[in-house]
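Reader: I would like to learn how to read a model like this one, feature by feature. Could you walk me through it?

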Amino acid sequence: GDPVIYLEFKRICLSQGRFRSTVASKQHKEVEGGKEEQQLVECTVVKAVQADLISQTKNNTDAQTRKIAIDFDNTHEAYKSKDNIELLRSLLVFKLCTFDFLVDKNKELMDLSKKVFGKRLFERLMKMTFYGQFVAGEDHNSIKPLIHKNQAFGVGSVLDYSVEEDLTQEEAEKKEMDSCVSEAEKESPGVDHREKKYKAHRQFGDRRGGVVSARTYFYADEAKCDAQMETFLNCIKASGGASVDGFSAVKMTALGRPQFLLQFSEVLVKWRRFFNLLAAQQGKSGMDALEQKLELEQLKESLTKLGVGNKDDIENWFTGEKLGSSGTIDLLDWNSLINDRTKISNLLVIPNVENGQLEPLLRKFTVEEEKQMKRMLQRVDVLAKHAVDNGVRLMVDAEQTYFQPAISRLTLEMQRIFNREKPIIFNTYQCYLKEAYDNVSVDVELSRREGWYFGAKLVRGAYMYQERSRAEEIGYEDPINPDYEATNRMYHKCLEFVLEEIDHNRKANVMVASHNEDTVKFTLGKMNEMGLSPTEKKVYFGQLLGMCDQISFPLGQAGFPVYKYVPYGPVNEVIPYLSRRALENRGFMKGSQRERSLLWKELKRRLLNGQILYKPVY
C-alpha cells in the first residue's frame, strides 16, 4: 500500500543532493591494448598458467592463483553449440547487413514481403533469417530450448521482451509531448523555471531516431503502464523458471509518465549544481566529485548569505542529520539535507540562487499528476520484490540523459533496499558520457559507506546521434565524449575503478556488456593481475544474442559468468526491434570482417573433417 511505498522510497527524493558531478575527472593512466594482448598467452581455449606465489595482503597467506587466457580465434570451441545451418544463417544475415540499400530500406522491404508472401510465409522467412538470428522465440515457453542449450555451453540469459509499438513518427511525437508536459505548463507555458534540456521538444519527440539496439516506450495511460509492468513480471518469472541466476531487463520509461522523470532529473541536476557552486566558493572546483569536501562553517555562512535560511535553522539542519561531525560535508552527505515532505511533488523543489529561496519546479501539480508519480514508484517496487522472490536479478537499462539522473536515482534507491544481502538490482552506466566516471565512483562510494552490494552494467551507449543533435539544436553542452577513443578510455577507467573495488571489497559486481574484444581482454588481464577467479562470479560478461559468439562461448566454457541479452516476442511485434538491429549491424559488420571470417573458417574445418551433418551434443 501507499504507506509502504512512502517508507521505502521517501529517501529517493530526500536525497536529491546526491547529484552527479560533471567536473572533469582527473587523467587516469591509460592502458594500451597492446600490452594487454601480450599478457594473454596464446592457447587452445583455456590454458591455466601457473603464477608465482604471491603474497595476499588480505590474509597474509601465500596463495597460488591460476591465470586464465582465452583464445578467441578457436572456432571449434566458439561455434560448437551451432549446427551448420545456423552458421550459414549467421553468414547470410551478416552479409545482408553490409548492403546499404537493404539496411536503409529494411522496414519498407519487410512490409512489402509481408504483402507479397502473406503473413504465414513471411513469418517463416523471418524465422529462417533475421528473427531466427537475433530473437529467441515468440513467448517465454518457446524460448526455453535455446536458453537451455546456451546454458549447457556455459552461457546464461538476460531476458528482454522486445515488443514495440509500430508508431509513425507523428504518433510518437504526439504521445511524447502529451506525456512530458505538465498541466501547469500547458496552462501557462514559459512561466516556470524549467531548463530547455529537461523539457520536451517536438522535433525530438520520437525518441527512436538515431537509436541502435534499445527499444523505446511511449506513454499512453496508466493502464498501459500496468500492462507493461505485467509483461516485465512475466519476464522475471520466465527468467526464474528458465535458469539459475538469470537476469531480467527493465526500462523505467515503460513504468510511468516520463514527465516525472524529466522533472525529477532537472531537480537532481540543479541541486548538484548548487553543491558545485558552493564548492567553487571554497575554491574546490575542478576536482573529482568525491574529493570536493566543503568546510562546514564556511558552508553555513554561504547558505545564510544566499538566504536559504537563518543561521539557527541551518545549524539545526546539519546537527539534526548528525552530519559534518568531521567538519566537512561531501556530495554524499549532501543527500540527507532535504527535509522530509509528504507529497512527492513537494520534493520537486530547487534552490533559486538569485533570491535564496527553495522554489517549486512548477507552480502546481494536479491530483492526477501526484498519483501518476506515486504509481511509477509502486510499479518499480513490485518488480524489485518479484525479482527477489524469483531469485532473478534486475538490469535497469539506461536511457536518454534528460531522463537518466532520475532513472539512476530510483535504481540506486532500489539498490539501497534490495541489495543488502546480495546484488539483485543492477544500474547501467553509459561510458560515452563525459560524467560516467563521476557517476560510477560516487555510487560505489555510497554503497561502501552504507554496506550494500553495488551492481553495475557498463555499456558504451545507444543514444549518441540523438543526444548530440538534440544538444546542438536546443543549445546545451554535448554530454557525449568527443570521440570513440575517449569513450574507450572512459569505459576502461570506469571498469578499472569497479574491479579495484571488487579487489578491496568483494561486495561490488560488474557486467562488462561489450562486443569489443580488446575490452574483454583488458578485463581478463586485470582479473589475472588481481587474482580474481571467474568462479567468484563478481565479473560478468554480456553480449547480444546472435552476435559475437566467438567471445561469449569461449568465456562460458572457461567458467566465466557470461550472458546473452535474449530478446523475445511475436514476429510482427519485434519487427521494429529487428529493423534497428539491422541498422546497428551495418556499422558493426562493415567495421569488422572478423566474425564472418571465423564463421567461414569453422564451416571449412567441418567440411574437411566430414562433419556435414554436425549436431551439437549437450
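**Reading the model, feature by feature**

Author: Gladly, and let us begin with the cysteines: by the distance rule, the count of disulfides comes to zero. Keep in mind that this is a predicted model.

Reader: Why does Cys-431 have no bond to the closest cysteine sulfur?

Author: The general idea is to compare a sulfur distance with a cut-off, and a disulfide here requires two cysteine sulfur atoms within 2.5 Å. The closest cysteine sulfur to that of Cys-431 belongs to Cys-494, and at 4.2 Å it is too far for a bond. Seen from the other end, Cys-494 is in no disulfide either, its nearest cysteine sulfur being that of Cys-431. As for their surroundings, Cys-431 is buried, with a relative accessible area of 0%, and Cys-494 is buried with a relative accessible area of 0% as well.

Reader: Next, the nonpolar core. Which residues of the largest one touch the most other members?

Author: For a core, one looks at who touches whom. The largest nonpolar core has 43 residues, and those touching the most other members are Leu-458, Val-510, Val-539, Phe-541, Leu-555 and Phe-560. Several elements each supply at least two residues, among them β4 (66–70), β13 (455–459), β14 (509–513) and α22 (517–530). The largest share, eight residues, comes from α21.

Reader: What does Leu-458 touch, leaving aside residues up to four places away in sequence?

Author: Its contacts include Tyr-429, Val-440, Tyr-491, Leu-495, Val-510 and Val-512. Both cysteines we discussed, Cys-431 and Cys-494, are also touched by Leu-458. Apart from this core lies another, of 34 residues, which includes Val-93, Phe-122, Tyr-577 and Leu-578.

Reader: How should I read a strand, say β11? Which way do its residues point?

Author: In a regular strand, side chains alternate between the two faces of the sheet. In β11 (residues 393–396), Arg-393 and Met-395 point one way, Leu-394 and Val-396 point the other way, and all are buried.

Reader: And which strands does β11 pair with?

Author: For pairing, follow the bridges from strand to strand. β11 runs parallel to β6, joined by four bridges, with Leu-394 as the bridge partner of Ser-248. β11 also pairs in the parallel sense with β12 (residues 425–430), over three bridges; there, Phe-426 is the partner of Met-395.

Reader: Where does the path lead from β6 (residues 247–250)?

Author: To β5, which pairs with β6 in the parallel sense over two bridges, Val-158 standing opposite Phe-247. β5 in turn pairs with β16 (residues 562–568), again in the parallel sense, over seven bridges, and Gly-156 stands opposite Tyr-563. Six of the seven residues of β5 (residues 155–161) are buried, so this strand is largely enclosed by the rest of the structure.

Reader: Now a helix. Which residues of α20 are buried, and which are exposed on the other side?

Author: With a helix, ask where around the axis the buried residues lie. In α20 (residues 464–474), the buried ones are Gln-466, Glu-467, Arg-470, Ala-471 and Ile-474. Because they cover an arc of only 125° around the axis, they sit on the same side of α20. Tyr-465, Glu-472 and Glu-473 are exposed on the other side. After α20 comes Gly-475, with a positive phi near 95°.

Reader: What about charged side chains: is Glu-413 buried or exposed?

Author: Here one reads accessibility first, then polar partners. Glu-413, in helix α18 (residues 404–418), counts as buried because its relative accessibility is 0%, below the 20% cut-off. Its side chain is joined to that of Arg-409 by a polar contact of 2.7 Å. Asp-549, in helix α23, is buried too, with a relative accessible area of 6%. The side chains of Asp-549 and Lys-564 make a polar contact of 2.9 Å. Asp-549 also touches other residues, including Ala-78, Tyr-79, Lys-82 and Glu-595.

Reader: For contrast, is Lys-615 buried or exposed?

Author: Lys-615, in the segment after α25 (594–608), is exposed, with a relative accessible area of 55%. Along the chain, Lys-615 and Asp-83 are 532 residues apart, yet their C-alpha atoms are separated by 5.2 Å.

Methods:
Residues numbered from 1 in each chain as written. Predicted model: local features only at pLDDT ≥ 70, side-chain atom pairs only at ≥ 80, totals over all residues. Heavy atoms only, no water. Core = buried A, V, L, I, M, F, W, Y, C linked by side-chain atoms within 4.5 Å. Buried < 20%, exposed > 50% of the residue type's maximum accessible area, 1.4 Å probe, protein only. Contact = heavy atoms within 4.5 Å. Polar contact = N/O pair within 3.5 Å; in protein donor to acceptor, adjacent residues only side chain to side chain. Arc of directions from axis to C-beta. Pairing = 2+ DSSP bridges.
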